[in-house]
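These are my notebook entries on two ligands and the pocket around them. I wrote down each item as I looked it up.

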Amino acid sequence: MTAEILMLGRMLPSVMEALDAAYTVHRLWEAPDRAAMLADVGPRIRGVATDGHLGLPGDVMEACPGLEIASSYGVGYDAIDIDACRARGIRVTNTPDVLNDAVAEMALGLMLSLCRRIPQADAYVRAGKWVSEGNFGLTGELTGRKVGILGLGRIGKEIARRCQAMKMQVVYHGRTEQVHEPYPFYADLEAMARDVDWLVVIAPGSASTKGIVSRAVLEALGPDGALVNVARGSLVDEAALVDCLASGKIGGAGLDVFEAEPKVPEALFGMDNVVLQPHQGSATHKTRAAMGDLVVKNLAAHFAGLPLLTPVA
Ligand code: NAP
Ligand code: 8YV
């Protein structure tokens, strides 16, 4: 008998086809009545396919007492209560490593866009202003500047390598010094922010990182400093960020992630010193295919009694 699984949201066609071929798949997002579907199929569900935003909500956990595994499309699992999963014996998998390059590219893209004012210069050309008003004007440059990475993990290390290629000085902050890494370590985030031109945030969302980029950290970064966040909105005090950008207490921001996605503080829309992205860090054809493949393979490994490829719990 094929196992019954619950998909919480739409995924790539290749993923949906692979799951449909192997399991009886129930599509929760298509249900006209979510509670009714959960009550109906929940007792038979053995696996869940989810993503970093949808996580594993409490109503799904409650409705699926026989749930064995949640396979998540994304490396960040802050939307899943891992302790509750462990307590219920639910295994959890994510999609680490395959997205490192794409997310690192996005971080550098935001830095280059902000520093070289690429969106503004593009708009300038399109508006015919190069002809009517002459040259666009001068911009900053990444070369020779100092970047502090908050979270020198799998993605942070790829960002660091790319910053070195831009001839930047790299330093980092984390809970633990990584003695075999070549970059200077700061035990204190505020002290690092004071010393750098760019603060790049790429640590996981968690209780220990909530609001870690506080008003004090932003003020330490200062009027010539810029923030790039490709991690989670929860790491940054967003109200303080908006305030610091508006008052010139920090120089600029490149943001891929926000506190209440897809809602973005409207105050940011009118700011010239900000570049915004709708959480696109891993959103390339190549990377999303590799992430989807891991979602499918982790479920397959579980139901075949084989070791999970990328277990979290
Ligand atoms: P990772 O390999 O686990 O690295 C995380 C790093 O953060 C580690 O170096 C860790 O160092 C540091 N860290 C953890 N807790 C900390 C704390 N309380 N204070 C300071 N540093 C802390 O994770 P990853 O694979 O690089 O992914 C990082 C995060 O990026 C994900 O969790 C996800 O939220 C986000 N992400 C975003 C996108 C996007 O589309 N924008 C895509 C992928 C991932 P220590 O243990 O030494 O503290
Ligand atoms: C995805 C992410 O946008 O991997 C993560 O943690 O934030 C991104 O890769 C997300 O998980 C897909 O839903």
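Entry 1, ligand 2. I began with the backbone of Tyr73, where an N or O atom lies 3.1 Å from an oxygen atom of ligand 2, a polar contact in the sense of a pair of N or O atoms within 3.5 Å. I then found that a backbone N or O atom of Gly76 lies 2.8 Å from an oxygen atom of ligand 2, and that a polar side-chain atom of Ser282 lies 2.7 Å from an oxygen atom of this ligand. Taken alone, ligand 2 exposes 330 Å², of which the protein buries 92%; such accessible areas come from the Shrake-Rupley method with a 1.4 Å probe.

Entry 2, how I read the model. This is a predicted model, in which local features need pLDDT of at least 70 and side-chain atom pairs count only at pLDDT 80 or more, while totals for chains, interfaces and linings use all residues. Residues are numbered from 1 along each chain as its sequence is written, chains are lettered from A and ligands numbered from 1 in the order in which they are written, and side-chain values use heavy atoms, with hydrogens and water left out.

Entry 3, the shell of ligand 2. I listed 13 residues around ligand 2, and the closest are Val75, Gly76, Arg232, His279 and Ser282, where a residue counts if one of its heavy atoms lies within 4 Å. By class, this shell has 4 nonpolar, 6 polar and 3 charged residues.

Entry 4, ligand 1. Which residues come nearest to ligand 1? Of the 29 around it, they are Arg154, Ile155, Arg175, Ser208 and Asp256. I noted a backbone N or O atom of Ile155 at 2.9 Å from an oxygen atom of ligand 1, and a polar backbone atom of Thr176 at 3.1 Å from an oxygen atom of ligand 1. A polar side-chain atom of Arg232, a residue also listed among the closest to ligand 2, lies 3.3 Å from an oxygen atom of ligand 1. Taken alone, ligand 1 exposes 930 Å², and the protein buries 87% of that.

Entry 5, the pocket. I found that ligand 1 sits in the largest pocket, which is also the space taken by ligand 2; sitting there requires that more than half of a molecule's atoms lie within 2 Å of the pocket's grid points. On a 1 Å grid over the protein atoms alone, a pocket is an open set of points where a 1.4 Å probe fits, with protein on both sides within 12 Å along at least five of seven lines, and its lining residues have an atom within 4 Å of a point.

Note on methods: A polar contact is a pair of N or O atoms within 3.5 Å; within protein, one must be able to donate a hydrogen and the other to accept it, and residues adjacent in sequence count only if both atoms are side-chain atoms. Ala, Val, Leu, Ile, Met, Phe, Trp, Tyr, Cys and Pro count as nonpolar, Asp, Glu, Lys and Arg as charged, and the others, Gly among them, as polar.
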